[in-house]
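Trainee: I keep meeting labels for residues and helices. Can we go through some and ask what earns each one?

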Amino acid sequence: MAGTFPNISISTERLVLRPLDEDDVPALAEMMNDEQVGAWTAVPQPYSEEQARGWITEYAPAEREAGRGLDFAVTEFLTQRLVGVVQLAKTNWRVRSTEMSYIIAPWARGEGYASEAALATAQWLFTDQKFERIELRTAADNTASQQVAQKIGCISEGVLRGACIARVRADDGTWSDVRTDYIVWSLLPEDLDGAGEQLADTGGFTSYTDWN
């Protein structure tokens, strides 16, 4: 059974997760050009504003309409500045499962935004969308991403050996590929029992359908 994610906004005490829009182009491009993003993702380097615009106006709407995934802009509630992205991909509507990933901008790291945004997204998926499984994959050396997975209650299921291509930037600015392992994590509704208390401390979340 196929489905489609709604256009929605999710808010916590500090954050608003909403659809990407064209006003996000400059900040999104700047965020994608960060060295850590280049190292742990497949995002092209360098990343142009035209590529950011294509993501926002073409790729993200197509993924949502086809039921494959959903892209959230993570913004600060008070300043409205873009501080990250949460992506859902490889969605299986029959199994009610999807894969989640997250990127936090270099100017917003160290604030706990990744875990807050990921946890709010997970609670929305399990409650409003009736999903039964969320999967995360983190590169073996990406300890920051692994800490987020652990914080929101994910369970490590094993290692996919040699399944990930990370990148290293040389002194001359060029990038080279490095093969490494993926650690596979899962999150089921019952795993949120403890992690949900952390979100409750920040005020919970509210979803708004047909956001635009």
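Mentor: Start with arginine 14, in the loop between strand 1 and strand 2. Remember that this is a predicted model.

Trainee: What makes arginine 14 partly exposed?

Mentor: Its relative accessible area is 30%. Buried means under 20%, and exposed means over 50%. The value of 30% falls in between, so arginine 14 is partly exposed.

Trainee: Which residues does arginine 14 touch, beyond those up to four places away in sequence?

Mentor: Thr75, Glu76, Phe77, Glu111, Gly112, Tyr113 and Glu116. A contact needs heavy atoms within 4.5 Å. As for phenylalanine 72, it is 58 residues from arginine 14 along the chain, and their C-alpha atoms are separated by 15 Å.

Trainee: Now arginine 18, in strand 2. Why is arginine 18 given the class it has, buried or exposed?

Mentor: Its relative accessibility is 10%. The cut-off for buried is under 20%. So arginine 18 counts as buried. The C-alpha atoms of arginine 18 and valine 74 are separated by 6.7 Å, with their positions 56 residues apart along the chain.

Trainee: And threonine 4, in the segment before strand 1? How do you know its class, buried, partly exposed or exposed?

Mentor: Threonine 4 has a relative accessible area of 42%. That lies between 20% and 50%, so threonine 4 is partly exposed. Setting aside neighbours within four places in sequence, threonine 4 is in contact with Arg64, Glu65, Gly67 and Trp93. Threonine 91 is 87 residues from threonine 4 in sequence and 9.7 Å away in space, C-alpha to C-alpha.

Trainee: Next, helices. Why are helix 1 and helix 3 called roughly perpendicular?

Mentor: Helix 1 covers residues 25-32 and helix 3 covers residues 49-65. Their axes come within 8 Å and cross at roughly 115 degrees. The range for roughly perpendicular is 65 to 115 degrees, so the label applies. The crossing is right-handed.

Trainee: Which residues make that contact?

Mentor: Helix 1 gives Val25, Pro26, Leu28, Ala29 and Met32. Helix 3 gives Glu49, Ala52, Arg53, Trp55 and Ile56. By class, there are eight nonpolar, no polar and two charged residues.

Trainee: What makes helix 4 largely enclosed by the rest of the structure?

Mentor: Count its buried residues. They number 14 of the 15, so helix 4 is largely enclosed. Its span fits expectation too. From first C-alpha to last, helix 4 reaches 21 Å, close to the 21 Å expected at 1.5 Å a residue.

Trainee: What is notable about the phi of lysine 90?

Mentor: Most residues other than glycine have a negative phi. Lysine 90 is not a glycine, yet its phi is positive, about 55 degrees. Lysine 90 sits in strand 4. Its relative accessibility is 63%, and the cut-off for exposed is over 50%, so lysine 90 counts as exposed.

Trainee: What about the phi of lysine 130?

Mentor: Lysine 130 has a positive phi of about 60 degrees, although it is not a glycine. Its place is in the loop between helix 4 and strand 6. At 54% relative accessibility, lysine 130 counts as exposed, because the value is over 50%.

Trainee: Last one. Which kind of peptide bond joins glutamine 45 and proline 46?

Mentor: A cis bond, with omega about -5 degrees. Most peptide bonds are trans. Proline 46 lies in the loop between helix 2 and helix 3.

Conventions. Residues are numbered from 1 along each chain as its sequence is written. This is a predicted model: local features need pLDDT of at least 70, side-chain atom pairs count only at pLDDT 80 or more; totals for chains, interfaces and linings use all residues. Side-chain values use heavy atoms; hydrogens and water are left out. Axes are lines fitted to C-alpha atoms, for helices over the stretch in contact, and angles run from 0 to 180 degrees between N-to-C directions. Helices (H or I, at least four residues) and strands (E, at least two) are DSSP runs, numbered from the N terminus. Angles under 35 degrees count as roughly parallel, over 145 as roughly antiparallel, 65 to 115 as roughly perpendicular and the rest as oblique. A crossing is left-handed if the near helix is turned anticlockwise from the far one by less than a right angle, and right-handed if clockwise. Ala, Val, Leu, Ile, Met, Phe, Trp, Tyr, Cys and Pro count as nonpolar, Asp, Glu, Lys and Arg as charged, and the others, Gly among them, as polar. Buried means under 20% relative accessible area, exposed over 50%, partly exposed in between (1.4 Å probe, protein chains only). The expected span of a helix is 1.5 Å times one less than its number of residues.
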